[in-house]
Amino acid sequence: MNWFRLNALLNANGVLGINRRNAEYMLPHNPRACYPLVDDKTLTKQLAAKAGVAVPELYGVIEIQQQVGALPQLLAKYRDFVVKPARGSQGDGIIVVTGRSRALYRTADGNLLDDHDMCFHVSNILAGIYSLGGQSDKALIEYRVNFDAIFEKITYRGVPDVRIIVFRGVPVMAMVRLPTRLSGGKANLHQGAVGAGIDMATGRTLDAVWRNEIVAEHPDTGNPVSGVQIPHWDTLLELSARSYELTGLGYQGIDIVLDRDKGPLILELNARPGLAIQMANQAGLRTRLDIVQRELPGLRTLADRVAFARERFAPAGGTTLGTLA
Amino acid sequence: MKRVHLYVLTGLLAAIGCGFFSYKLFVLGFPLKPEARIDVWRVEVQVQFEAGGGPVKASLFLPRRTGNLVIVDQSFVSPGYGIVTEQQPGRGMRAVYSIHDASGPQTLYYRAVIQPARMRDEVARDPVPEVPPPQFGGVERAAAETVVRAAQQQSADPATLAPLIVKWLKEARPGGEASHLLGRQPTNHRLATVAARLIQFAGVPARVVNGIALAPERRDTHLLHWIEYFADGRWRTVHIVEAAREAPAEYLAWWRGDEPLIELSGGQQLKHAISTSRSYELATRTAIDQQRALEKKLIEFSLFGLPLQSQALFRTLMVIPVGILLLVVLRNIVGIKTFGTFMPVLIALAFRQTGPVWGVAFLCIVVGLGLAVRFYLERLKLLLVPRLAAVVIMVILIIAMLTVLSFKLGLERGLSIGLFPIVIMTMTIERMTMVWEERGPGEAFQQGLGSIAVGVMCYFVMNLQIVEHLFFVFPELLLVALAAILLIGRYSGYRITEFYRFRVLART
């Protein structure tokens, strides 16, 4: 297909490209000073704790190389945990330990690591190889989420999470990211995870996208991924709408995991959320962002914003059904 | 609002850049193409005489800018002599060599570098000198009147009169009036002098021009003489040898009037020799030289004012922005992923030395071996900075080995591998390892190939002769490139790779 036609079609469908995201949404709406709040996950956690938003419990932080020696003692207390860089991006550098096998740690993608490997990984995190811009970093050791049973059938290892794009406090688009064998247990679409769009009105999953293809079933388990009701959907919408006041970022992505016991926990906030969510929802972001831009003056309270999102951002065709129900 | 600001700024930058560019191109005559070459003549006058053991003074006429030729450089070599130049209105410029006390054989030199003029300067600008009507006595006066009257009958105006008088003199029959004026076996000089006097006599200002024909490699050039006369508001030329034709560019008018080239006091046995030679020079160079002669200080403060070595450096530096502009287009409009922001441009610079084929081959070998070393180092569990340092050393070792190896195999190209940016390659190896481990080898190779492809494209653009020439000669074009980059900085349309990425969303 020729480029002009593609260009016109994408424009007509309100698809947001990376240049426009950067130039018209990130640069004007995300003040530089607010970035550290979301780039450093220890700060995000403190912020969330202050605001009374649930986050995965922090077991410990390794800040300097000298502390690495004490890592095995720290880890000895926990059977399962997650090690992640405080400034990591796109899920790089995260190790999810699901259990133990004698003295070895069993990871979510099925590898076995010894203390030595674990210390080396933490050293690497401290040296900054996973951090944005290569600055030195901190390593977080935190609670491993036991994800909600509803996702068990449509996840291959790893932890599924819900990504919601929030524009100036209005939840705009959402998807659930399901790890696959290809993604190595990571919930990242361009590493091969499945992304299923979510009906903003009801919290039910729509069709899913996997490696640029529309799929209806999880590629590894074969179970249908559409029509799944996301639990606590109201809470999720409220959490995401509140995140704007939390960070001051006008255009951000919020990653929430659903824990079996603790309910929704904010995993991280993202000042540069990816655009793959459009594929998962088969809808363009720009159309929705334009609507928010236009209607924002009428939305005074948090409840207004959540109600607005539910009403206006149901998928095409589902809008009427949603409002009727 | 911001957009308007940006457009005004870019418009301004582009206008300044284009303005300077066209000024230099059209007014100062800088060439648009690198291969434009131009004839450059070198003229040398050697003066020899025997000094008599007292004060010596030798005065020599100097050539000046004429309609077609410009003196861009001149030098005087005369050990112990003081030199004064003086203007002689209507005749030319004179240099006076003088010394208080000299004896024995003396040699003085005068050298000039002469080029065709870019902007024609009409001799007509010279003021019309007040020429007293020539005095002819008795028989000569009668002969002169006869010749002039005969010529006047066949001519319409001064412009046609002068060539006719010259023709009459040249075709003079022995025993006629003309030959009486000329005397027996007239020389060219005599002929020119008489012709000038006759034209004056007819009421048209005229003068004898002494000069040389510029010829490639001539050891002993003869002085030539021709005539200039003033008609229709400008000076015109008549040649004695070919009376009908105007002086071609290769004739250098040296001085005007009847005086000899050199006048000497305090010495004997005066001899002189004039030699000429020709060489080609880049038109850029000659354009600058002419500006200097015209005292355009502007040029002095450009890159051409630098020593040659620094100029070579800037020839390279000035093409980097072109590579960067291309890189910006490829990354932000096409959407190609590369390792490191400017890494491809730096690779392209190295390719300039090695050539693209060998460059890519060497790069792949170095990065490939570097990756192998890096994967081995992974097992040692080193901290980041020492690990990077180790890779730097390994990269240098690999480069050294490759250089020696390729030299022994007779590959001259191999000698320039050392120019590859070592630190950049190390960072590339490190990032490639990271991507390899985090995203798999596929993604690593994809980004690696992207980097090399962009590097090669940058190389081809940066290595275009015309690009290098344009940006070195017209550095103001950088402002245009800057304007383009600023505009791309606000480009918010789709990247071409996004057409592929979002193709499932392109439904009607």
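**Reading strands, cores and contacts in a two-chain model**

Modeller: Start with one pair of residues: across from A:V82 stands A:V96, a residue of β3(A). Keep in mind that this is a predicted model.

Biologist: How do strands come to pair at all, and in which sense do β2(A) and β3(A) run?

Modeller: In general, the strands of a sheet are paired by backbone hydrogen bonds, in either a parallel or an antiparallel way. Here β2(A) and β3 (residues 95-101) of chain A are antiparallel, with 3 bridges between them. β2(A) also pairs with β6 (residues 139-142) of chain A, again antiparallel, over 4 bridges. In that second pairing A:V82 has A:E142 of β6(A) opposite.

Biologist: Which residues of β2(A) point one way, and which the other?

Modeller: The general rule is that side chains in a regular strand alternate between the two faces of the sheet. In β2(A), A:F81, A:V83 and A:P85 go one way, while A:V82 and A:K84 go the other. The residues on both sides are buried. For the strand (residues 81-85) the count is 5 of 5 residues buried.

Biologist: What is the strand order in the sheet of 7 strands in chain A?

Modeller: The order is β11-β10-β9-β8-β7-β12-β13, in an open sheet with antiparallel pairing. β11 (213-215) and β13 (263-270) of chain A are the edge strands; each has a single partner, so one side of each has no neighbour in the sheet. From one strand to the next, the twist averages 30°. Within this sheet, β9 (residues 194-198) and β10 (residues 205-210) of chain A are joined by 3 bridges. One of the bridge pairs there is A:G195 with A:V209.

Biologist: And what does the sheet of 4 strands in chain B look like?

Modeller: That sheet is open too, ordered β7-β6-β5-β8, with antiparallel pairing. Its edges are β7 (234-239) and β8 (251-256) of chain B, each with a single partner strand, so one side of each lacks a neighbour in the sheet. The twist from strand to strand averages 40°. β5 (residues 206-213) and β6 (residues 224-231) of chain B are antiparallel over 6 bridges, and B:G211 stands opposite B:L224 of β6(B).

Biologist: Which helices pack on it, and at what angles to β6(B)?

Modeller: Helix α3 (residues 158-170) of chain B lies across β5, β6 and β7 of chain B, at about 155° to β6(B). Helix α5 (residues 188-201) of chain B touches β5 and β6 of chain B, and its direction makes about 10° with that of β6(B).

Biologist: Which residues have the most contacts inside the largest nonpolar core?

Modeller: The largest core has 95 residues, and those with the most contacts inside it are A:V166, A:V172, A:A196 and A:I256. Domain 1 (3-52 + 147-316) and domain 2 (58-142) of chain A each supply at least three of its residues. Beyond four places in sequence, the contacts of A:V166 include A:P171, A:V172, A:Y244 and A:I254. A second, separate core of 61 residues includes B:W41, B:V43, B:L108 and B:W235.

Biologist: What covers the buried residues of α2(A)?

Modeller: The buried residues of helix α2 (residues 18-29) of chain A include A:N19, A:R21 and A:Y25. Their cover includes β12 (251-259) and α9 (285-295) of chain A, along with α9 (320-334) of chain B.

Biologist: How many residues of each chain are in contact with the other?

Modeller: The size of an interface is often quoted as the accessible area lost when the parts come together. Here we count residues: 23 of chain B are in contact with 29 of chain A. On the chain B side, the elements giving two or more residues are α12 (384-408), α13 (422-439) and α17 (496-501) of chain B. That side divides into 12 nonpolar, 4 polar and 7 charged residues.

Biologist: Where does A:R102 lie, and is it buried or exposed?

Modeller: A:R102 is in the loop between β3 and β4 (104-107) of chain A. It is not a glycine, yet its phi is positive, about 50°. A:R102 counts as exposed because it has 6 C-beta neighbours inside 10 Å. A:Q282 also has a positive phi of about 50° without being a glycine, and it sits in the loop between α8 (277-281) and α9 of chain A. With 18 other C-beta atoms within 10 Å, A:Q282 is partly exposed.

Technical notes:
Residues numbered from 1 in each chain as written. Chains lettered and ligands numbered in written order. Predicted model: local features only at pLDDT ≥ 70, side-chain atom pairs only at ≥ 80, totals over all residues. Pairing = 2+ DSSP bridges. Axes fitted to C-alpha atoms, helices over the stretch in contact; angles between N-to-C directions. Contact = placed C-beta atoms within 7 Å. Nonpolar A, V, L, I, M, F, W, Y, C, P; charged D, E, K, R; others polar. Buried ≥ 20, exposed ≤ 12 C-beta atoms within 10 Å, placed from the backbone. Core = buried A, V, L, I, M, F, W, Y, C linked by C-beta atoms within 7 Å. Domains from an automatic or database assignment.
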